[in-house]
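Reader: I'm new to reading protein models and I'd love to zoom in on just one part of this one. Could you walk me through it slowly and spell out your terms?

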Amino acid sequence: MSAAKTYRVKEAFYTLQGEGAQAGRPAVFCRFSKCNLWNGREDSRAGAICDFCDTDFIGTDGQNGGQYSGTELTALIISLWPDLSAGEPYVVCTGGEPLLQLDEPLIEQLHSAGFSIGVETNGTLPAPAGIDWLCVSPKGASEVVLTECDELKLVYPQTEAPPERFSTFRARHYYLQPLADYRPQLLTSDRIQAANDGLSRNNTAAAVAYCLAHPQWKLSLQTHKLLGID
Ligand SMILES: C[S@@+](CC[C@H](N)C(=O)[O-])C[C@H]1O[C@@H](n2cnc3c(N)ncnc32)[C@H](O)[C@@H]1O
Ligand SMILES: Nc1nc2[nH]cc(C(=O)O)c2c(=O)[nH]1
Ligand code: SF4
Ligand SMILES: [Mg+2]
């Protein structure tokens, strides 16, 4: 008999979606462990396919982190939503790379619990059926295998992933999100200032200029960092 499937989760918490077309929407964030484009260790960031990640996704030691069955993970997500009778319950599956783990059985359980499901992905892996809001965020030279999405949210600038490469990708919304300072010491010591300073500020100005010149694209700010809410 094979062991029941489990999911490795770094952290799960309730906040506002900070980015993209759903910005401002209350959501439970479920951050799955691991990524296929970086091992998550600072000493190997330089050689990674994705080298600007702003997130710690190693292990299961974050808030509400752990290894869960689908039933346990669904119960955890339900417990983090404040009132199932108010609003449309929303869970954002992110990571790390959520498509390494998210599958149809978990999607079915979350739907049965009344949740709509958003996914934040780098686009390099096939997606299971049933996702309600798919956000694809291409990384460097990596191949995007997903062929359509609700929003394409491109971190800008990236030498190997310029917006022109994706202008004909099938998406309802096209966003540029300024490349933010990801230095870990800044992420912990002064995140609000880091979100407004130096590199982030220059990249924001460049993204604004690109959107103004190419109005297919809209600006996505990481509003949770500006507000310091997570
Ligand atoms: C940490 S990733 C996890 C989901 C998935 N692996 C991905 O890359 O889309 C969540 C979002 O943060 C964005 N992101 C990561 N590092 C960033 C940075 N330094 N500046 C701006 N956005 C960043 C990603 O592009 C993605 O849209
Ligand atoms: N508030 C908030 N919004 C987010 N949108 C995408 C995020 C992510 O890390 O995937 C994120 C995040 O980490 N926090
Ligand atoms: S693909 Fe996403 S989770 Fe993976 S390293 Fe890049 S930003 Fe981080
Ligand atoms: Mg984040």
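What do the buried residues of H2 pack against?

Author: First, a word about what you're looking at. It's a predicted model, so local features need pLDDT of at least 70 and side-chain atom pairs count only at pLDDT 80 or more, while totals for chains, interfaces and linings use all residues. Residues are numbered from 1 along each chain as its sequence is written, and chains are lettered from A and ligands numbered from 1 in the order in which they are written.

Now your question. The buried residues of H2 pack against S1, H1, S4 and S5. The H and S names are DSSP runs numbered from the N terminus: helices are H or I with at least four residues, strands are E with at least two. "Buried" means that 20 or more other C-beta atoms lie within 10 Å of a residue's own; "exposed" means 12 or fewer, and "partly exposed" is in between, with C-beta atoms placed from the backbone. Packing here is about contacts, that is, C-beta atoms, placed from the backbone, within 7 Å of each other.

Which residues of H2 are tucked in? They are Leu106, Ile107 and Leu110. They sit on the same side of H2 because they cover an arc of only 100° around the axis, the arc being that of the directions from the helix axis to the C-beta atoms. There's a rule of thumb behind this: an α-helix has 3.6 residues a turn, so residues three or four places apart point the same way. Turn the helix over and you'll find the exposed residues Glu104, Pro105 and Ser112 on the face away from the buried side. After H2 comes Gly114, which has a positive phi, near 100°.

The other helix in that packing list, H1 (residues 70-80), makes a nice comparison. Its buried residues are Leu73, Thr74 and Ile77. Those three also fall within an arc of only 100° around the axis, which puts them on the same side of H1. Thr71 and Ser79 are exposed, on the face turned away from that buried side. And what covers the buried residues of H1? The cover includes S1 (6-16), S2 (26-32), S3 (66-69), S4 (90-94) and H2 (104-112).

So where do the strands that H2 packs against belong? Follow them into an open sheet of nine strands, ordered S3-S1-S2-S4-S5-S6-S7-S8-S9 with mixed pairing. Two strands pair if DSSP finds at least two bridges between them. At the edges are S3 and S9 (218-219), each pairing on one side only. S4 and S5 run parallel and are joined by four bridges; one partnership to look for is Val91 with Ile117 in S5.

Keep going along the sheet and you reach S7 (148-156), where seven of nine residues are buried. S6 (residues 133-136) runs parallel to S7, with two bridges between them, and Val136 stands opposite Leu152 in S7. S7 and S8 (residues 170-178) run parallel too, joined by eight bridges, with Glu151 opposite His173 in S8.

One of the strands that H2 packs against, S5, also leads to a ligand. S5 (116-121) and S7 each supply at least two residues of the shell around ligand 1. For that shell, a residue is near a molecule if its C-beta atom, placed from the backbone, lies within 6 Å of it. Ligand 1 has 18 residues around it, the closest being Asp54, Thr55, Glu120, Ser137 and Ala180. By class, seven are nonpolar, seven polar and four charged. Nonpolar covers Ala, Val, Leu, Ile, Met, Phe, Trp, Tyr, Cys and Pro; charged covers Asp, Glu, Lys and Arg; the others, Gly among them, count as polar.

Asp54 itself lies in the loop between S2 and S3 and counts as partly exposed because it has 18 C-beta neighbours inside 10 Å. Asp54 is also among the residues that UniProt (unreviewed entry) annotates as "binding site", including Cys53 and Ser137; UniProt positions are given in the numbering used here, feature names are shortened, and such annotations may be inferred rather than shown by experiment. Cys53 sits in the loop between S2 and S3. With 19 other C-beta atoms within 10 Å, Cys53 is partly exposed.

Note on methods. Two residues are in contact if their C-beta atoms, placed from the backbone, lie within 7 Å.
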